[in-house]
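Hello,

Here is the structure I promised to pass on to you. Please have a look at it first, and then read my notes underneath.

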Amino acid sequence: MRLLLFLFFLYLLSWQVAVADTVKIEFTADDSYSIEVANIGVGDTIEWLPKNEGHNVEFLAGPNMEALPEKSDLNVRHAITFDLPGVYLYQCTPHGNMGMLGLIVVGNNFDNLGNIEEVELSRVAKSVLQRLIRVARSSKQPILSRNVLVHLRLVG
Ligand SMILES: [Cu+2]
């Protein structure tokens, strides 16, 4: 029975490593992203869907400022896989000044949050960013991984 449980955990572990998630974010009619703060794992993908016209995705900051993720054209589907942990800030090029911003936290890593806060933005966008950062901070997850949770549930 013990061996069986052990094998089961091994299976869970390999499954967890092999499967990456994709999070879908839509451009909405009220000039915003349907998910403003996305918490994802390392290796997960975000897919932006042009459900409303006139929007795109342009990165303003990330853990590697020399190599920010690719900017998209207006009205197209866009997908990026995030392999580098940290906080990413992006905007819609036409509506960034109005506060159409999004935040992505990869791997629960907030090390570069200081750089994010220093990005130059319009007054409106700045206040939106402050709100998004508050949301991101409050959603910060404990270090306990999902595997540990599964383990606790089975044992307990
Ligand atoms: Cu827009």
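Below is what I found in it, going from the overall layout to the sheets and then to the core.

Please keep in mind that this is a predicted model. The protein chain contains four helices and seven strands. If you walk along the sequence, you meet them in the pattern α-β-β-β-β-β-β-β-α-α-α. Of the chain's 156 residues, 23% count as buried. Among contacts with a separation of 6 or more, 61% are between residues 24 or more positions apart.

The strands of one open sheet, four in number, are ordered 2-7-6-4, and their pairing is mixed. Why do strand 2 and strand 4 each have one side without a neighbour in the sheet? Strand 2 (37–40) and strand 4 (58–61) stand at the edges with a single partner strand each, so one side of each is left without a neighbour there. From one strand to the next, the twist averages 30°. Strand 4 runs antiparallel to strand 6 (residues 86–91), and three bridges join the two. If you would like a spot to zoom in on, Phe59 stands opposite Tyr90 of strand 6.

A second open sheet has three strands in the order 1-3-5, again with mixed pairing. Its edge strands are strand 1 (22–26) and strand 5 (78–81), each of which pairs on one side only. Here, neighbouring strands are turned by 15° against each other on average, direction ignored. Strand 3 pairs with strand 5 in the antiparallel sense, over four bridges, and Thr45 stands opposite Thr81 in strand 5.

As for the helices, helix 3 (residues 123–138) is the one I would look at with the sheet in view. Helix 3 lies across strand 2 and strand 7 (101–106), and runs at about 30° to strand 7.

That brings me to the core. In soluble globular proteins, nonpolar side chains tend to be buried together. The largest nonpolar core in this model has 26 residues, and Tyr88, Leu89, Leu103 and Ile104 are those with the most contacts inside it. Two or more residues come from each of strand 2, strand 3 (45–49), strand 6, strand 7 and helix 3. Strand 7 gives the most, with five residues.

Which residues does Tyr88 touch, leaving aside its neighbours within four places in sequence? Tyr88 is in contact with Phe59, Ala61, Gly62, Pro69, Ile104 and Val106.

Enjoy exploring it, and write back with any questions.

Best wishes

Conventions: Residues are numbered from 1 along each chain as its sequence is written. This is a predicted model: local features need pLDDT of at least 70, side-chain atom pairs count only at pLDDT 80 or more; totals for chains, interfaces and linings use all residues. Two strands pair if DSSP finds at least two bridges between them. Axes are lines fitted to C-alpha atoms, for helices over the stretch in contact, and angles run from 0 to 180 degrees between N-to-C directions. Two residues are in contact if their C-beta atoms, placed from the backbone, lie within 7 Å. A nonpolar core is a set of buried Ala, Val, Leu, Ile, Met, Phe, Trp, Tyr and Cys residues joined through C-beta atoms within 7 Å. A residue is buried if 20 or more other C-beta atoms lie within 10 Å of its own, exposed if 12 or fewer, and partly exposed in between; C-beta atoms are placed from the backbone.
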